[in-house]
Amino acid sequence: MDKGYFRKNVVRFIKVLGIKPHIAIVEGRKVEGFNPKISKTKGSALSQHCRRQIEKSLGWLKIIGGMGKVKLRGIWKNQDTAYMRASAFNLVRMVNLGIT
């Protein structure tokens, strides 16, 4: 997913926008212009936590929800299917959290 985000020109562009880059660290990968101290900040930890939650929901939709391969034709039908399955995911989360 992060293909290309660790390149020097992308890191420089992100810094020009005034954003601290929260790039996933990979052992042995050197990124020019990226300060590894940024990855130890609270903002980076929050970013990685949010990223994990997003990946978890997308993984559920693809594997359990069956959205890995589109089975219908047409944008509207697939969008409705995605809405229904995302709603199912939220219901499962609510049950696991003890909300319902």
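**Figure 1. The buried residue N78 and its surroundings.** In this predicted model, N78 is buried, because its relative accessible area of 18% falls under the 20% limit. N78 lies in helix α3. Its side chain reaches two backbone oxygen atoms: that of L72 at 3.1 Å and that of G74 at 2.9 Å. If neighbours within four places in sequence are set aside, N78 is in contact with M67, V70, K71, L72 and R73. L72 therefore appears twice in this view, as the owner of a backbone oxygen reached by the N78 side chain and as a residue in contact with N78 once neighbours within four places are left aside.

**Figure 2. Helix α3 from end to end.** Helix α3 covers residues 75–97. What separation of its end C-alpha atoms should be expected for the 23 residues of α3? At 1.5 Å a residue, the helix should span 33 Å, and the end C-alpha atoms are 32 Å apart, which agrees with that expectation. Three residues of α3, namely N78, T81 and F89, are buried. The buried residues of this helix pack against α2. An α-helix has 3.6 residues a turn, so residues three or four places apart point the same way. After α3 comes G98, whose phi is positive, near 80 degrees.

**Figure 3. The aromatic pair of W60 and F89.** How many aromatic pairs does the count give? The count comes to one aromatic pair. W60 and F89 form this pair, with 5.2 Å from centre to centre and 50 degrees between the planes. The pair is classed as tilted, because an angle of 50 degrees is neither under 30 degrees, as stacked rings require, nor over 60, as edge-to-face rings require. W60 lies in helix α2, which covers residues 42–63, and F89 lies in helix α3, so the pair ties together parts that are 29 residues apart in sequence. Both partners are buried: W60 has a relative accessible area of 17%, and F89 has one of 13%.

**Figure 4. V11 in helix α1.** The residue shown here, V11, belongs to helix α1, which covers residues 8–16. Is V11 buried or exposed? V11 is buried, because its relative accessible area of 1% is under the 20% limit. The view also includes H22, which stands 11 residues from V11 along the chain. The C-alpha atoms of V11 and H22 are separated by 9.7 Å.

**Figure 5. The whole chain as a setting for the close-up views.** The protein chain contains three helices and zero strands, and along the sequence it follows the pattern α-α-α. Of its 100 residues, 17% are buried. The chain exposes about 8400 Å², and carbon and sulfur atoms supply 62% of that area. Among contacts between residues at least 6 apart in sequence, 27% join residues at least 24 apart.

**Figure 6. Confidence of the prediction.** The average pLDDT of the protein chain is 80, and 77% of the residues score at least 70. Which elements have the lowest and the highest mean pLDDT? Helix α1 has the lowest mean among the elements, at 80, whereas helix α3 has the highest, at 90. The residue V11 of Figure 4 is placed in helix α1, and the residue N78 of Figure 1 lies in helix α3.

Notes. Residues are numbered from 1 along each chain as its sequence is written. Side-chain values use heavy atoms; hydrogens and water are left out. pLDDT is the predictor's confidence in each residue, from 0 to 100. Helices (H or I, at least four residues) and strands (E, at least two) are DSSP runs, numbered from the N terminus. Buried means under 20% relative accessible area, exposed over 50%, partly exposed in between (1.4 Å probe, protein chains only). Contact means heavy atoms within 4.5 Å. Accessible areas come from the Shrake-Rupley method with a 1.4 Å probe; for residues, only the protein chains shown count as cover. Rings of Phe, Tyr and Trp (its six-membered ring) pair if their centres lie within 6.5 Å; planes under 30 degrees apart count as stacked, over 60 as edge-to-face and the rest as tilted. A polar contact is a pair of N or O atoms within 3.5 Å; within protein, one must be able to donate a hydrogen and the other to accept it, and residues adjacent in sequence count only if both atoms are side-chain atoms. The expected span of a helix is 1.5 Å times one less than its number of residues.
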